[in-house]
Amino acid sequence: MSLLPIHERIGSRKHKEIYERIRKQGTVSKIELLEQSQMTGSTLTRTLEELTAQGWLVEAGFGESTGGRRPILYETNPQAAYVFGLDISRMNSKLILCDLHMNKLGVQSWVMDETMTPSRLLKEIAEAAERMMKEHNIAAEAVLGMGIGAVGPLDRSSGIILEPLYFSAPGWRNVEICGYLEGRLGFPVLLDNGANTAIMGESWSDRNRDYRHLLYVHAGVGIRSAMMSNGKVVYGAVDMEGSIGQMIIQTDGPRVDDHGNYGSLQSYASIHALEQQARSRLKQGRETSLRYKESNPEHIHFMHLLEGLKEHDPLTVEIFAQAATYFGIGLSNLINILHPEKVILGGSLISSDPSFFQIATRVAIRNTYYYPAYQVVFSLGHLGEEALVTGAAIMVINQLTEL
């Protein structure tokens, strides 16, 4: 099957430049574009006419007059093409269908339990995508592609999920996800780790502020991070999404499930770490309401901890506060190395209770070098748990203007 690369959909460098300017600004007049670009009036006019004729742009009325004729306003055409975004995470996965303005047309979610093997999930993803396309009368040729934000490690160029940890179902090893979905659906499929797609989504949602150096940290079953510098995601020599979790906080500390570094951040501030802490304290005889939720300490899970947190159970509050403190220490280490302008925190641990965010950021600030001369902005983001799947779709749209 021959799939047209996404970056070839809009042909020339000039066309890409003008399309991207209009996409970022929303609605723009020809006069503004002339001032912003290096093009002559005739070249800009021709470029706008060609992009409009090809369906990428639409005229959006007239702007305010500055003495002469009112200027024509342009905006990108939301129906010029469509995109899918897919989030594959350890607890839940989600597929969305959007137009080019990120208006959501369809959504499907899956619980990642012990029955959700790769073969089952990929089959159901393909069926859901086909159903959404049929419902909205969208042909495969009208779909730019599907972006996937997945738990790493990954081989992005080959489109393979390599050896992720902590999936409930078996088989999550060397999953050729892009090849399967491209063959089944007939359009390009792009793969990146979920932290990278999340930071793309958050950057897009906050594009009016134009932060150039962003850090995103996702704390849940594992700890995942991504960095954006000068508006571009920073990639290392290998997929390093989960490596933040192996940052050593205490050299003689524990490790989770007998792998990774001893005393790593993930050993203190992850869902598995909290579950292990709760089970250990219960076996020690600590008085807690958790004991009445599950008689066998080994059966205590995160959902029980969330219930205990809502009930202000002292032991549960203590466990979460300790995890937030360690997380804040890890966060300060990252900030002291990377010096972001803004740090966006996401994931089920961050959203478990407002106190987790408050404690973690307070500890991070206290341990940030050069404070208060250097002050970083902390945020829960605009998109929350939708950041990963939204960014996966944005990743595809971004390819339109890649050279």
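Which helices are included in what covers the buried residues of H7? In this predicted model, helix H8 (302-310) and helix H9 (314-338) are among the elements that cover them. The briefing below treats helix H7 and then an open sheet of 5 strands with its packed helices.

**Helix H7**

- Helix H7 comprises 13 residues, 271-283, and spans 19 Å between its first and last C-alpha, close to the 18 Å expected at 1.5 Å a residue.
- Its buried residues are Ile271, Ala273, Leu274, Glu275, Ala278, Arg279, Arg281 and Leu282.
- An α-helix has 3.6 residues a turn, so residues three or four places apart point the same way.
- Glycine 285 follows H7 and has a positive phi, near 95°.

**The five-stranded sheet**

- The strand order is E6-E5-E4-E7-E10, and the pairing is mixed.
- Strand E6 (104-111) and strand E10 (189-193) each have a single partner strand and stand at the edges, so one side of each lacks a neighbour in the sheet.
- From one strand to the next, the twist averages 15°.
- Over 7 bridges, strand E4 (residues 82-88) pairs in the parallel sense with strand E7 (residues 143-150).
- Phenylalanine 84 has methionine 146, in E7, as its bridge partner.

**Helices on the sheet**

- Helix H4 (residues 118-135) packs on the sheet and touches E4, strand E5 (92-99), E6 and E7.
- The direction of H4 makes about 160° with that of E6.
- Helix H5 (residues 177-185) lies across E4, E7 and E10, and runs at about 155° to E10.

How values were computed. Residues numbered from 1 in each chain as written. Predicted model: local features only at pLDDT ≥ 70, side-chain atom pairs only at ≥ 80, totals over all residues. Heavy atoms only, no water. Helix = DSSP H or I, 4+ residues; strand = E, 2+ residues; numbered from the N terminus. Expected span 1.5 Å × (residues − 1). Buried < 20%, exposed > 50% of the residue type's maximum accessible area, 1.4 Å probe, protein only. Contact = heavy atoms within 4.5 Å. Pairing = 2+ DSSP bridges. Axes fitted to C-alpha atoms, helices over the stretch in contact; angles between N-to-C directions.
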